[in-house]
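Here's a quick tour of one protein model, taken pocket by pocket and then on to a sheet and the cysteines. Have a look at the structure first.

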Amino acid sequence: MAYYRQVGAVPPKRHTQHRTPEGGLYYEELMGEEGFSSDSSLLYHRNIPSALVDSSVWQLPDLTTEANHPLKPRHLKLHELFPGEEWKSRDVVTGRRLVLGNGDVRISYVAAGEASPLYRNSIGDECVYIESGQGVVETVFGVLSFRQGDYVILPRATTHRWVPDGMVRAYAIEANSHITPPKRYLSKYGQLLEHAPYCERDLHGPAEPLLADGTDVEVLVKHRGSSGIVGTRFVYPQHPFDVVGWDGCLYPYTFNVADFEPITGRVHQPPPVHQVFEGANFVICNFVPRKVDYHPLSIPVPYYHSNVDSDEVMFYCGGDYEARKGSGIGQGSISLHPGGHSHGPQPGAYERSIGVEFFDELAVMVDTFRPLELGEGGRAAEDPGYAWTWAGRGPQ
């Protein structure tokens, strides 16, 4: 994110002495992307950030996946994954259940009420959409408040901890890459342009340092191993939240979906107008309440379309989604429409949408350019009848 911020105390010039009130030195750390060749920030620690006193295996939750084979569209009811008051004993990090994934991105879901352990994802950036609830994310950069409708963007290797205020429902998109605004929204120097559906004023980063004391502090780290994704439990001699100041263009931030300004037209607009972020081999879009097509002969719901190059994942998180009426899809549902399957509105929705002027819908879409497979959460939450809803009957 090429939007510069400065928080706390930093020296006038980088890579120079920055001294404590007692005369000692703060320890400068460069946190940067692409080997010193992309966005970075400089953080000033009270303690040596590399110091470790223990390292052991962290056993990750089930991250195995199964191919979507035989190929079919699927409906996954995510609210069924956390029945009753199970959420009270879960946290946003270790309580996630993997729904869908491939070699580029993993999509998980959680309902949680506990504070999470300290955590760092060293595989890629995380984009966590808050379906409901509120709280704070404590990070090495400072504190982020979050609320319903927020995207929480956490750069790769950011040490952080989720602290909900009551129940939080979170939809976690974990990349094997960085997650950024789409390139077409940015100037050649990184400023969000006038045609972008949001701007820098809508992005909210930490406002002040977060300092914590403690010894022998555990941090869970998700990272790459020779056989895939693995976990390690680090123990630090001092608390990693010891940054007195930082500056740069790499940091966690929130963006609320209510601040996305929809792009509309006389006839139906294609999904790229709804794009909010992108990663390597996937994009993130959001469909928000908006005025719809105003050509006198327009059909506001989507035309039927084939995902020639991608799988489409739609997470329904608010409003009333016109195109899916009659399919059983509701709040907390996912539809997976894979490449190779032509899909579109449910029967009757095409005709009913004529003359409609406004859609009150809210959904987060992930399109991937490699096939998605089902995680254990996706398999557990499936509605087996969805694939046949367009025809009105299934296999005989």
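## The second largest pocket

Let's begin with the second largest pocket, which has 18 residues in its lining; Glu 29, His 45, Pro 49, Arg 120 and Thr 159 are the ones nearest its centre. Bear in mind throughout that this is a predicted model. The space inside this pocket comes to about 340 Å³.

Which strands feed the lining? β2 (27–32) and β18 (228–238) each put in at least two residues, and β18 gives the most, with three. If you're thinking about the chemistry of the wall, the lining of the second largest pocket splits into nine nonpolar, six polar and three charged residues.

## The largest pocket

The largest pocket holds about 480 Å³ of space. Its lining is made up of 22 residues, and nearest the centre you'll find Glu 33, Asp 39, His 178, Thr 180 and Pro 181.

How do the lining residues of the largest pocket divide into nonpolar, polar and charged? Eleven are nonpolar, five are polar and six are charged.

## A nine-stranded sheet

Now for some strand bookkeeping. Nine strands come together in an open sheet with antiparallel pairing, and reading across it the order is β5-β30-β7-β8-β15-β10-β13-β20-β16. The edges belong to β5 (65–67) and β16 (203–204); each has a single partner strand, so one side of each goes without a neighbour in the sheet.

Zooming in on the β16 edge, the partner there is β20 (residues 253–256), and the two strands pair antiparallel over two bridges. Want a spot to click on? His 204 sits opposite Thr 254 in β20.

## Cysteines without a bond

How many disulfides does the structure hold? Zero. Cys 127 is in no disulfide, and the nearest cysteine sulfur to it, in Cys 317, is 12 Å away.

Why no bond for Cys 317? Its sulfur's closest cysteine counterpart is the one in Cys 127, and 12 Å is too far for a bond, because a disulfide needs the two sulfur atoms within 2.5 Å.

Are these two residues buried or exposed? Cys 127 has 0% relative accessibility, so it counts as buried. Cys 317 has a relative accessible area of 4% and is buried as well, since the cut-off for buried is under 20%.

Technical notes:
Residues numbered from 1 in each chain as written. Predicted model: local features only at pLDDT ≥ 70, side-chain atom pairs only at ≥ 80, totals over all residues. Heavy atoms only, no water. Buried < 20%, exposed > 50% of the residue type's maximum accessible area, 1.4 Å probe, protein only. Pairing = 2+ DSSP bridges. Helix = DSSP H or I, 4+ residues; strand = E, 2+ residues; numbered from the N terminus. 1 Å grid on protein atoms, 1.4 Å probe; cavity = no way out; pocket = protein on both sides within 12 Å on 5 of 7 lines; lining within 4 Å. Points joined across faces, edges and corners; volume = space filled by probe spheres on them. Nonpolar A, V, L, I, M, F, W, Y, C, P; charged D, E, K, R; others polar.
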